[in-house]
Amino acid sequence: MSASATAGSVTVTATAKVTRVRWSMGDGATVTCHGPGTPYRKSREVTESPDCGHLYERPSYEEPDGRYRGTATSTWTITWSAPALGDGGQFTETRQTPFTVDVREVQVVNTR
């Protein structure tokens, strides 16, 4: 994500990238993802994520409201520059977003 702002003859440009997301999954597990992960493709079917995934070990029906409550904490690296001033730099910011997930169990009998 990039943005620029101008005041008089000075333009400042900033580019922000998510460098890490730490997921507190609500079941006691944490998962840290570096980068965007692998997009889901139907051809992968139900295989686990190759780089950033989590498997819930039990359904969420015993949790409050029947859902796990977690948080995703993203770390952003922001690089900015103001060429007219010969200035620029880099800093980090974190943002936290709560989420809930309903995990169910499906039992299947193979009749072959």
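**Exercise 1.** In this predicted model, decide whether Glu 45 counts as buried or exposed.

*Solution.* Start with the number: Glu 45 has 57% relative accessibility. The cut-off for exposed is over 50%, so Glu 45 lands in the exposed class. Next, place it on the chain: Glu 45 sits in the loop between β3 (30-33) and β4 (68-82). Finally, take a distance. Gly 70 is 25 residues away along the chain, and the two C-alpha atoms are 25 Å apart.

**Exercise 2.** Work out which residues of β3 are on its covered face and which are on the uncovered one.

*Solution.* Recall the general pattern first: side chains in a regular strand alternate between the two faces of the sheet. Now sort the residues. Val 31 and Cys 33 make up the covered face of β3, while Thr 30 and Thr 32 make up the uncovered one. Then check Cys 33 by its accessibility: at 5% it counts as buried, because the limit is under 20%.

**Exercise 3.** Find out how β2 and β3 pair, and over how many bridges.

*Solution.* Look at the direction: strand β2 (residues 10-24) runs antiparallel to β3, and four bridges connect the pair. One bridge to pick out is Val 21 with Cys 33 of β3. Now follow the chain from one strand to the other. β2 and β3 form a hairpin, with five residues in between. In that turn, Gly 26 has a positive phi of about 90 degrees.

**Exercise 4.** Identify which cysteines the disulfide joins, and say where they sit.

*Solution.* Count first: the structure has one disulfide. Its partners are Cys 33 and Cys 52, with an S to S distance of 1.4 Å. This bond ties together distant parts of the chain, as Cys 33 is in strand β3 and Cys 52 is in the loop between β3 and β4, 19 residues apart. Then compare the classes: Cys 33 is buried at 5%, whereas Cys 52, at 23% relative accessibility, counts as partly exposed.

**Exercise 5.** Describe the largest pocket: how much space does it hold, and what lines it?

*Solution.* Begin with the volume, which is about 550 Å³. Then go to the lining of 21 residues; nearest the centre are Trp 23, Cys 33, Cys 52, Gly 53 and His 54. Both disulfide partners, Cys 33 and Cys 52, are in that group. Next, assign elements: β2, β3 and β5 (87-101) each give two or more residues to the lining, and β2 has the largest share with three. Last, split by class: 12 lining residues are nonpolar, seven polar and two charged.

Methods:
Residues numbered from 1 in each chain as written. Predicted model: local features only at pLDDT ≥ 70, side-chain atom pairs only at ≥ 80, totals over all residues. Heavy atoms only, no water. Buried < 20%, exposed > 50% of the residue type's maximum accessible area, 1.4 Å probe, protein only. Pairing = 2+ DSSP bridges. Disulfide = S-S within 2.5 Å. 1 Å grid on protein atoms, 1.4 Å probe; cavity = no way out; pocket = protein on both sides within 12 Å on 5 of 7 lines; lining within 4 Å. Points joined across faces, edges and corners; volume = space filled by probe spheres on them. Nonpolar A, V, L, I, M, F, W, Y, C, P; charged D, E, K, R; others polar.
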